[in-house]
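Reader: Please show me the structure. I want to ask how its labels are earned.

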Amino acid sequence: MTIGELLKEKRLAENKTQKEWAGNIISTSYYAKVEKNQHRIAAEDLLALLKHNNISTTDFFKELEDKKDDFHKELNSLTKISIDAVYHSDIGRIKEVIRTIEKLDVPLKQKEAFILVHKGFIELVKEDLNDNYQPDKNVIRALKDKIFSIPNFTRFKLELYTNFMTFYDYKTNIMLTNQIIHKIDQFNNDKELLAITGILSNLLSQLLEEKHYKEALPFLKIADKLPAIPDLYLPKTYIALQKYLIDYHFNKKQEDLDKAKTIIKTYQITGLEDFGKSAQKFIDKAKKD
């Protein structure tokens with residue numbers, strides 16, 4: 001919830017018109033646009049507005065923060081459902097989430113961005129299920145524009161790129177990943193490191209799939225330097241599997257293939273069967289090369 005939306009909620013609860021609520025502090029026309037999130041309100045005007053309407057500033061900002069927390073919890077919950085649906089290739093569940101998002105009382109820009117991400121999830125599933133996958137070019141273009149429009153590698157941009165880097169060719173992904181790596185010392189948050197580990201894993205998967213083994217070697221060295229923390233365990237095991245398969249390509253040692261198979265067994269016995277099946281495809285391909 002935004003400041004404008006909470007002001008509107010408070011005003012309606014007092015059964016006041018916008019003119020009564022704004023008083024002589026700001027014009028009614030300007031205030032109307034504040035409620036619609038079309039204009040920002042200056043801090044001094046907001047404080048004066050709250051005082052004019054006998055609203056405690058402490059209570060107002062606490063309520064605003066609480067509502068933001070509730071909103072983020074709801075979005076996180078929906079995202080978890082969608083990620084699980086992607087893992088199980090369930091397009092129907094992702095579409096249900098989109099319908100839920102469409103009903104949320106949130107600013108239009110946030111809603112459109114969130115729906116776009118989930119349409120991207122649908123494209124990921126379609127790509128995985130269909131050998132003759134024909135992408136929705138409008139969705140892919142919009143996702144790339146969204147990623148490009150974020151000027152810095154924030155956590156959100158890292159996570160967005162991690163999820164949808166499969167829609168870029170391997171040369172573009174190498175270029176973008178190198179840009180991120182050059183700034184890696186700036187990232188110390190576990191969530192940021194998780195996204196970077198996912199980016200490295202996804203890039204290595206693409207390079208393996210397209211048989212660009214030499215290009216993969218520098219990124220394996222970078223992955224080795226990532227910290228050994230619980231949150232990174234799954235992507236780091238997948239990178240380890242990729243490393244053994246790349247090593248096998250160069251030296252054809254059975255022990256490398258055996259180590260890769262051992263990692264797949266851990267996926268199978270810990271309930272990550274679909275993850276194991278995906279990894280098995282790399283081993284099958286490595287045997288044929």
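Author: What follows is a set of questions on helix packing and empty space.
Author: This is a predicted model, where local features need pLDDT of at least 70, side-chain atom pairs count only at pLDDT 80 or more, and totals for chains, interfaces and linings use all residues. Residues are numbered from 1 along each chain as its sequence is written, and side-chain values use heavy atoms, with hydrogens and water left out.

Reader: Why is α11 called roughly parallel to α13?
Author: Helices here are DSSP runs (H or I, at least four residues), numbered from the N terminus. Axes are lines fitted to C-alpha atoms over the stretch in contact, and angles run from 0 to 180 degrees between N-to-C directions. Helix α11 (residues 190–209) and helix α13 (residues 233–251) pack at about 25 degrees, with axes 9 Å apart. Angles under 35 degrees count as roughly parallel, over 145 as roughly antiparallel, 65 to 115 as roughly perpendicular and the rest as oblique. So α11 is roughly parallel to α13.

Reader: Which residues make the contact of α11 with α13?
Author: Contact means heavy atoms within 4.5 Å. Among them are Leu194, Leu200 and Leu208 of α11, and Tyr238, Ile239 and Leu245 of α13.

Reader: What makes α12 and α13 oblique?
Author: The axes of helix α12 (residues 213–224) and α13 cross at roughly 140 degrees and come within 10 Å. That angle falls in none of the named ranges, and the rest count as oblique. Therefore α12 and α13 are oblique to each other.

Reader: What classes of residue make up the contact of α12 with α13?
Author: Ala, Val, Leu, Ile, Met, Phe, Trp, Tyr, Cys and Pro count as nonpolar, Asp, Glu, Lys and Arg as charged, and the others, Gly among them, as polar. The contact has eight nonpolar, one polar and four charged residues.

Reader: How many cavities of 30 Å³ or more are there?
Author: The count is one. On a 1 Å grid over the protein atoms alone, a cavity is a set of points where a 1.4 Å probe fits but cannot get out, and lining residues have an atom within 4 Å of a point. Grid points are joined across faces, edges and corners, and a volume is the space filled by probe spheres set on the points. The largest cavity has a volume of about 80 Å³.

Reader: Which residues line the largest cavity?
Author: The lining includes Leu208, Tyr213, Leu245, His249 and Phe282. α13 and α15 (273–288) each supply at least two lining residues. By class, the lining has six nonpolar, one polar and three charged residues.

Conventions
1 Å grid on protein atoms, 1.4 Å probe; cavity = no way out; pocket = protein on both sides within 12 Å on 5 of 7 lines; lining within 4 Å.
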